[in-house]
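Subject: Structure handover

Dear colleague,

Please find below the sequence and the structure we spoke about handing over. My notes on it follow, grouped by topic so that you can read them beside the coordinates.

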Amino acid sequence: MPDYPIHAVVADFLAKLENHSRCIVSAAPGAGKTTVLPLKLLSAPWRGDGKILVLEPRRLAVYAAACRLAENLGENVGETVGYRMRLENCVGPRTRIELVTEGILTRMLQDGPELNGVSAVIFDEFHERTIHGDTALALALDSQNNLRPDLKIIIMSATLDVQRLSEALNAPAIVSEGRSFPVEIFYRETSSSLSMPEQTAGVIQRALEARPGSLLAFLPGEGPIRRTAELLRGNLSADVELHELYGRLDKELQRRAIAPAPSGKRKIVLATSIAETSLTIEGVKIVVDSGLTRSQTFSPVNGLSKLETVPISLASAEQRRGRAGRIEPGVCYRLWTQAEEKRMLEFTEPEILHSDLAPLALELAAWGIQDPNELFWLDPPPQGLWRQAVRFLTELGALTSEGRLTDTGRNILKTGLEPRSEERRVGKECR
């Protein structure tokens with residue numbers, strides 16, 4: 001196994017877990033936290049024969065992390081290290097580390113709140129603050145408090161508000177500075193009338209002429225990625241490969257995008273925030289950052305959610321910049337001005353504050369909870385959105401007037417459908 005910077009704090013990490021049921025790990029991008037720490041837990045005395053679950057926010061991150069961990073053991077995925085996600089799993093009788101997506105962990109908790117056979121749950125890249133991640137953490141903490149005091153819960157990220165988390169969870173914190181190389185930052189000097197794909201394509205072409213190495217560009221969605229790719233095709237030299245990387249992309253194309261460039265070539269990867277964390281794209285020395293991402297926002301007025309293009313946080317900008325300094329000094333081109341940066345949020349706003357809470361209300365009813373304040377939340381569900389969600393589910397027949405789960409609600413959870421999708425389906429059938 002390579003000598004990752006995280007090795008310097010492994011002894012302290014293991015010692016903390018001997019005496020505490022919770023631990024916070026903050027480690028710089030490239031420190032090796034995802035690659036090293038789950039393997040180190042295999043030999044912890046308190047683990048016994050229990051599994052270690054590692055929660056990742058994205059399917060591609062689950063697969064990539066499982067492959068890295070298995071490779072470091074000299075094994076194939078499905079032996080000591082496996083993964084599990086919706087409609088796909090690769091685990092075996094010897095599997096002791098399971099990489100899982102957020103929805104899978106929630107289902108595991110709902111099916112068996114004691115999490116029998118599990119010794120530790122690791123919440124990786126927790127800074128993304130997805131509503132599914134917050135929900136899974138709330139349920140896991142409730143299980144730990146009331147059913148499994150021996151269960152270890154570990155929260156990891158490169159850009160965490162460590163002090164806030166440590167105080168809220170009464171958990172010790174481990175900090176690893178990592179070993180990133182300096183990354184020179186260039187900002188856009190003035191506003192531009194060009195579209196984001198036009199700006200990005202122009203900067204990419206100039207950067208490739210001025211700098212060596214492969215290039216990773218962050219764009220807010222599939223559409224901008226495709227338009228940028230169209231502008232670049234036909235204008236690249238023969239030694240440059242062009243790849244796209246986003247969630248709906250075919251899995252094999254995703255794997256090609258994160259694979260090392262062939263000998264004698266370099267690559268451009270046009271990616272959404274899927275490449276911001278957990279993935280290592282070898283050879284990247286240049287980052288081009290649009291400063292934008294896609295965020296889902298719910299309107300309680302019409303009961304609809306929509307994707308909006310919004311500025312990223314300073315924490316996300318730092319994550320993206322760090323992708324250029326993994327193996328040697330790099331450069332990051334930011335497509336915003338320094339004045340605009342002063343108005344950016346420090347951390348990404350948690351999804352729970354602006355999402356449809358109907359799925360959450362359904363999950364908590366299945367857990368036996370009618371009042372979300374009975375559980376721990378780093379950011380509690382807003383009361384207005386919560387009341388609206390409960391009212392909707394009651395009208396749908398998924399909850400009783402007392403807030404308890406009905407057969408309709410159980411069927412919605414079983415099928416994995418969004419409650420509002422079920423409402424639209426029933427409405428069509430009635431018409």
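A disulfide is counted here when two cysteine sulfur atoms lie within 2.5 Å of each other. Please keep in mind throughout that this is a predicted model.

Cysteines

With that cut-off, the number of disulfides in the structure comes to 0. For C90, the closest cysteine sulfur belongs to C67 and lies 8.6 Å away, which is too far for a bond because the two sulfur atoms would have to be within 2.5 Å. C90 itself is partly exposed, with a relative accessibility of 24%, while C332 is buried, at a relative accessible area of 0%.

Nonpolar cores

In soluble globular proteins, nonpolar side chains tend to be buried together. In this model the largest nonpolar core has 52 residues, and the members that touch the most others within that core are L105, F123 and I155. Apart from this core lies another one, made of 31 residues, which include V36, I52, V81 and M85.

I155 can serve as a way into the 52-residue core: once its neighbours within four places in sequence are left aside, I155 is in contact with C23, I24, V25, F123, F126, L137, L160, L165 and L169. A136, which sits in helix α5 (residues 131-146), is buried at 0% relative accessibility, and, with the same neighbours in sequence set aside, A136 is in contact with L105, T106, L109 and F123. As a sense of scale, the C-alpha atoms of A136 and I268 are 35 Å apart, with their positions 132 residues apart along the chain.

Aromatic rings and charges over them

A pair of aromatic rings is described by the distance of the centres and the angle of the planes. The model has 3 aromatic pairs. One of them joins Y63 and Y83, whose centres are 5.9 Å apart and whose planes stand at 80°, an edge-to-face arrangement. Because Y63 belongs to helix α3 (residues 59-72) and Y83 to strand β3 (residues 81-85), this pair ties together parts that are 20 residues apart in sequence. Y83 is buried, with 7% relative accessibility.

A further edge-to-face pair is formed by F123 and F126, with ring centres 6.5 Å apart and planes at 85°. Both F123 and F126 are buried, and both appear among the contacts of I155.

There are also positions where an arginine lies over a ring. R255 lies over the face of Y63, 4.1 Å from the ring centre, and R420 lies over the face of F392, likewise at 4.1 Å from the ring centre.

Two covered helices

Helix α2 (residues 33-41) is mostly covered, with 8 of its 9 residues buried; these are K33, T34, T35, V36, L37, P38, L39 and L41. V36 is also among the members of the 31-residue core.

Helix α10 (residues 314-322) is mostly covered as well, 7 of its 9 residues being buried, namely A315, S316, A317, Q319, R320, R321 and G322. The elements that cover these buried residues include the strands β7 (152-157), β9 (183-187), β10 (214-218), β13 (284-289), β14 (292-299) and β16 (330-334).

Which side chain does that of Q319 meet in a polar contact of 3.5 Å? The partner is the side chain of H127. Q319 is buried, at a relative accessible area of 1%, and, not counting residues up to four places away in sequence, Q319 touches P29, E125, H127, S157, A158, T159, E276 and T277.

A partly exposed strand position

Finally, L242 is found in strand β11 (residues 240-245), where it is partly exposed, with a relative accessible area of 22%. Leaving aside neighbours within four places in sequence, L242 is in contact with A229, L232, R233, L236, I268 and L270. Of these contacts, A229 is 13 residues from L242 in sequence, and the C-alpha atoms of L242 and A229 are 7.6 Å apart in space.

With best wishes

How values were computed:
Residues are numbered from 1 along each chain as its sequence is written. This is a predicted model: local features need pLDDT of at least 70, side-chain atom pairs count only at pLDDT 80 or more; totals for chains, interfaces and linings use all residues. Side-chain values use heavy atoms; hydrogens and water are left out. Helices (H or I, at least four residues) and strands (E, at least two) are DSSP runs, numbered from the N terminus. Buried means under 20% relative accessible area, exposed over 50%, partly exposed in between (1.4 Å probe, protein chains only). A polar contact is a pair of N or O atoms within 3.5 Å; within protein, one must be able to donate a hydrogen and the other to accept it, and residues adjacent in sequence count only if both atoms are side-chain atoms. Contact means heavy atoms within 4.5 Å. A nonpolar core is a set of buried Ala, Val, Leu, Ile, Met, Phe, Trp, Tyr and Cys residues joined through side-chain atoms within 4.5 Å. Rings of Phe, Tyr and Trp (its six-membered ring) pair if their centres lie within 6.5 Å; planes under 30 degrees apart count as stacked, over 60 as edge-to-face and the rest as tilted. A charge sits over a ring if NZ of Lys or CZ of Arg is within 6 Å of the ring centre and within 35 degrees of the ring normal.
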